[in-house]
2 protein chains.
Amino acid sequence: MRDFYTITELTKEFGISTRTIRFYEDEGLIKPVRRGRTRLFRPVDRGLLKLILRGKRLGFSIAEIREIIEMYKAPPGEAGQMRLLIQKVNERREELYQKRRDIEETLNELDNAEEACLARMAELGVGK
Amino acid sequence: MRDFYTITELTKEFGISTRTIRFYEDEGLIKPVRRGRTRLFRPVDRGLLKLILRGKRLGFSIAEIREIIEMYKAPPGEAGQMRLLIQKVNERREELYQKRRDIEETLNELDNAEEACLARMAELGVGK
DNA sequence: GCTACAATTGACTTTTACGTAAATAAAATA
DNA sequence: TATTTTATTTACGTAAAAGTCAATTGTAGC
């Protein structure tokens, strides 16, 4: 695995702009190291970027994504905090279950829409 | 099934504001009928509202949700349009598959986070 | 017909998530 | 060394999706 990635390498890999990446840094989601002023992204930063974009695709806000990231790097802590963390994990899980149900329902509706389409095309006497 | 719902009934059922519902009407996503100036929401409007909120939870924009709605009520049309529609359906499906994968991955990470938590709690010598 | 209250409309504000542009510096290349 | 190229910082701009507020307008009950 490579030691460092440049910002442009990451923009190309993930199809986002430098502005976006710097914005995520401003938001404290990633903390690339510096050589002079230039940012150097470690594998861990790249991993976080992946996580952020996954979160975005799922419709999570920056604030929510920040919370998720905090969750992952939380342990070592005290027992009460751990319990709280586990509670948060469970809340996220419920959200994701909900989203998964939403997806299944939407997929079903898409199936129906497509069927209606195909039926209509058959009516119109279209071969294939 | 009831004939009509009032706007406040729907805000309560779905936990959204009247402003939001009117906003969706302005955006042309729902078209409640009127008695005087007062909006009366039919079951179909309520169904659309459900669909809209599901779309929102999945991170779709209003524009995308509008497209999805258009898709559902598209047929009767001409064959070329039908093909285009089917193509769109397939694109949506791919998006949803991607989201589903994203969810599975995130769920896995949550499992890991929870395990780490539990392990840490065991270390701390916490019973149950 | 008056009062109280719910609903509507329109204008303005806010928040989020970046885009865009200008100025500057550092690095790579000719 | 001159010239691109690449990156950074700072600052302002913007589109989407509502929230908020004020001024009206209906309307249900008495």
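So, the surface near DNA strand D: helix 1 (7-14), helix 2 and strand 2 (38-40) of chain A, together with helix 2 of chain B, each supply at least two of its residues. "Near" here means that a heavy atom of the residue lies within 4 Å of the strand. Helices are DSSP runs of H or I with at least four residues, strands are runs of E with at least two, and both are numbered from the N terminus. Helix 2 of chain B gives the most to this surface, with four residues.

Before I go on, the housekeeping. This is a predicted model, where local features need pLDDT of at least 70 and side-chain atom pairs count only at pLDDT 80 or more, while totals for chains, interfaces and linings use all residues. Residues are numbered from 1 along each chain as its sequence is written, chains are lettered from A and ligands numbered from 1 in the order written, and side-chain values use heavy atoms, with hydrogens and water left out.

Okay, back to strand D. How many residues surround DNA strand D? There are 17, and the closest are A:Thr8, A:Arg39, B:Ser17, B:Thr20 and B:Ile62. Of the atoms of DNA strand D that come within 4 Å of the protein, sugar and phosphate account for 83%. By class, the surface near DNA strand D divides into four nonpolar, five polar and eight charged residues. For the record, nonpolar covers Ala, Val, Leu, Ile, Met, Phe, Trp, Tyr, Cys and Pro, charged covers Asp, Glu, Lys and Arg, and the others, Gly among them, count as polar.

Now some polar contacts, by which I mean pairs of N or O atoms within 3.5 Å; within protein, one must be able to donate a hydrogen and the other to accept it, and residues adjacent in sequence count only if both atoms are side-chain atoms. On DNA strand D, a polar side-chain atom of B:Ser17 sits 2.6 Å from a phosphate oxygen. For B:Tyr24, a side-chain N or O atom is 2.9 Å from a phosphate oxygen of that strand. From chain A, a polar side-chain atom of A:Arg22 lies 2.8 Å from a phosphate oxygen of DNA strand D.

Over to the other strand. DNA strand C has 17 residues around it, and A:Ser17, A:Tyr24, A:Ile62, B:Arg22 and B:Arg39 come nearest. Here sugar and phosphate make up 69% of the strand C atoms that come within 4 Å of the protein. Which elements supply at least two residues each of the surface near DNA strand C? Those are helix 2 (18-26) of chain A, plus helix 1 (7-14), helix 2 (18-26) and strand 2 (38-40) of chain B. Helix 2 of chain A brings the largest share, four residues. The class count for the surface near DNA strand C reads four nonpolar, five polar and eight charged.

As for contacts on strand C, a side-chain N or O atom of B:Arg39 is 2.6 Å from a phosphate oxygen. A:Thr20 also uses its side chain, with an N or O atom 3.1 Å from a phosphate oxygen of DNA strand C. With A:Ile62, a backbone N or O atom lies 2.8 Å from a phosphate oxygen of that strand.

Let me zoom out to chain A. It has five helices and two strands, running α-α-β-β-α-α-α along the sequence. Its radius of gyration is 21 Å, whereas a compact globule of 128 residues would be near 14 Å; that radius is taken over C-alpha atoms, and the globule rule is 2.2 Å times the number of residues to the power 0.38. The C-alpha atoms fill a box of roughly 70 × 40 × 25 Å along the principal axes. Of the 128 residues, 38% count as buried, where buried means under 20% relative accessible area, exposed means over 50%, and partly exposed is in between, with a 1.4 Å probe and protein chains only.

Finally, three single residues. A:Glu25 is in helix 2 of chain A, and counts as buried because its relative accessible area is 17%. Leaving out residues up to four places away in sequence, A:Glu25 touches A:Ile30, A:Pro32, A:Arg34 and A:Arg39, with contact meaning heavy atoms within 4.5 Å.

B:Lys50 is in helix 3 (residues 43-57) of chain B. Buried, exposed or in between for B:Lys50? It is partly exposed, at a relative accessible area of 42%.

And B:Met121, in helix 5 (residues 79-123) of chain B, is buried at 6%. From B:Met121 to B:Leu85, 36 residues apart along the chain, the C-alpha atoms are separated by 53 Å.
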